[in-house]
Amino acid sequence: MKIVIFNVGGALSSYVETSAKKIVIDLGKSGDFSPVNDFLLPLYKIRNENRVSGKYQIDQLILSHPHLDHINDLEEFDKYFYPILYTTPNDLSSDANKHMNVNWSLIDDPKSDPVKKLRSLFYGRQLPLRVCEPTRMTIGYIYPGQVEDNDTLRNESYTNNISIGVVIRSTYSIFFAGDVQKEGMKVFLEENPAIKKQLSEGIDFLVTPHHGLRSSFSTDLFDAMKRGKTTRLNIVSEKATCGPDDKRQVDSRYSSSDYCEGANNLCSQDTPVYQRKTSNGHIFIDDDGKITIETDINKILEKFV
Ligand SMILES: [Zn+2]
């Protein structure tokens with residue numbers, strides 16, 4: 001399994017290739033980096049991947065939740081790629097299962113172009129949500145209706161707390177926690193025993209919930225993990241901090257030995273490394289779990305060709 005978590009400023013986007021499947025998790029972009037135009041499209045062109053009706057096939061696109069910093073490259077994606085499985089919080093359930101549907105009036109930017117785009121791509125996203133590789137992937141979410149009905153979760157952030165999270169396990173394991181916030185994570189873990197089981201079996205890499213912000217650090221999340229911490233690295237897609245509001249800052253606990261064992265190739269004896277931010281560069285993890293942090297995307301492309 002090869003993974004890259006892109007440097008897209010304060011946004012988030014990741015690409016995963018297992019031996020059999022190609023998976024995109026979130027499609028945030030920054031002013032100077034588009035995961036679609038600067039990585040996916042060049043890669044699929046170089047490899048001369050198959051196209052169906054003019055579009056390259058991706059096995060699964062997971063958009064964790066409809067916040068712009070997770071979806072604003074979707075329009076570009078849709079020009080060139082077709083996801084065989086398209087997975088995002090939706091509103092396609094029958095009236096009888098209304099609690100499974102997103103209440104778009106509670107979403108932060110319901111009229112924005114990326115959110116309209118997200119809603120217009122309807123193929124293959126009925127609940128319960130599926131994964132393209134059931135032996136390796138475990139998906140979890142709180143039903144939107146449950147977030148809506150729970151004052152604490154709704155006030156904390158409706159849009160963030162309906163995030164889809166996913167664990168992928170190969171020779172190593174990684175948890176993409178979406179933007180689930182502190183109170184949301186408590187309920188997320190209660191509602192998703194399959195995810196909880198994965199955590200209890202050990203998590204090597206954590207893409208920290210809600211960009212690693214202090215307001216979303218969850219001790220429940222780490223309590224659910226084997227030995228109470230990640231094994232290799234906590235990964236943060238850092239938001240720009242804005243002024244004195246320290247809720248907008250990355251939680252320092254992610255970079256402590258209390259929450260990561262630091263079993264990784266970035267460590268030397270004197271300088272253990274528990275956390276890395278995508279603002280340092282694109283974070284690439286190879287088949288053996290070896291980490292490379294790279295500002296030149298061409299160097300990452302070479303690793304996938
Ligand atoms: Zn969000």
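1. H210 counts as buried because 27 C-beta neighbours lie inside 10 Å; the cut-offs are 20 or more other C-beta atoms within 10 Å for buried, 12 or fewer for exposed, and partly exposed in between, with C-beta atoms placed from the backbone. The residue sits in the loop between β10 (205–207) and α9 (219–223). Its phi is near 50°, a positive value in a residue other than glycine.

2. A remark on the source. This is a predicted model, in which local features need pLDDT of at least 70 and side-chain atom pairs count only at pLDDT 80 or more, while totals for chains, interfaces and linings use all residues. Residues are numbered from 1 along each chain as its sequence is written.

3. H211 is also found in the loop between β10 and α9. H211 is not a glycine, yet its phi is positive, at about 60°. H211 counts as buried because it has 20 C-beta neighbours inside 10 Å. The element names used here follow DSSP runs, numbered from the N terminus: helices are H or I runs of at least four residues, and strands are E runs of at least two.

4. Six strands form an open sheet in the order β7-β8-β9-β10-β11-β12, and the pairing is mixed. Two strands are taken to pair if DSSP finds at least two bridges between them. β7 (137–140) and β12 (275–277) are the edge strands, each pairing on one side only. From one strand to the next the twist averages 15°. Strands of a sheet pair through backbone hydrogen bonds, either parallel or antiparallel.

5. At the β7 end, β7 and β8 pair in the antiparallel sense over four bridges. I139 has V166 as its bridge partner in β8, and G140 has G165. Both faces of β7 are covered: M137 and I139 are buried on one side, and T138 and G140 are buried on the other.

6. β8 (165–169) is mostly covered, with five of its five residues buried. G165, V167 and R169 point one way from the strand, while V166 and I168 point the other way. β8 and β9 run antiparallel and are joined by four bridges, with V166 opposite F176 in β9. The connection between β8 and β9 is a hairpin through three residues.

7. At the β12 end, β11 (residues 233–236) and β12 run parallel and are joined by three bridges. V236 stands opposite K277 in β12.

8. What packs on the sheet? Helix α8 (residues 193–200) does, touching β7, β8 and β9 (173–176). The direction of α8 makes about 130° with that of β7. For such angles, axes are lines fitted to C-alpha atoms, for helices over the stretch in contact, and values run from 0 to 180 degrees between N-to-C directions.

9. Helix α6 (residues 151–161) packs on helix α7 (residues 182–191) at an angle of about 80°, with the axes 8 Å apart. That makes α6 roughly perpendicular to α7; under 35 degrees counts as roughly parallel, over 145 as roughly antiparallel, 65 to 115 as roughly perpendicular and the rest as oblique. T152, L153, E156, N160 and N161 in α6 meet E183, G184 and V187 in α7. Contact here requires C-beta atoms, placed from the backbone, to lie within 7 Å.

10. Helix α1 (residues 35–46) has 12 residues and spans 15 Å from its first C-alpha to its last, close to the 16 Å expected at 1.5 Å a residue; the expected span is 1.5 Å times one less than the number of residues. Its buried residues include P35, V36, D38, F39, L40 and Y44. Among the elements that the buried residues of α1 pack against are β2 (13–17), β3 (22–27), β5 (55–62) and α10 (297–304). N48, just after α1, takes a positive phi of about 50°.

11. P114, V115 and L118 are buried in helix α4 (residues 113–120). Seen down the axis of α4, its buried residues fall within an arc of 100°, so they line one face of the helix; the arc is that of the directions from the helix axis to the C-beta atoms. The cover over the buried residues of α4 includes α2 (68–71) and α3.

12. F284 lies in strand β13 (residues 282–285). F284 is buried, with 20 other C-beta atoms within 10 Å. Not counting residues up to four places away in sequence, F284 touches V4, T292, E294, I300 and K303. F284 and V24 are 260 residues apart in sequence and 14 Å apart in space, C-alpha to C-alpha.

Technical notes. Contact = placed C-beta atoms within 7 Å.
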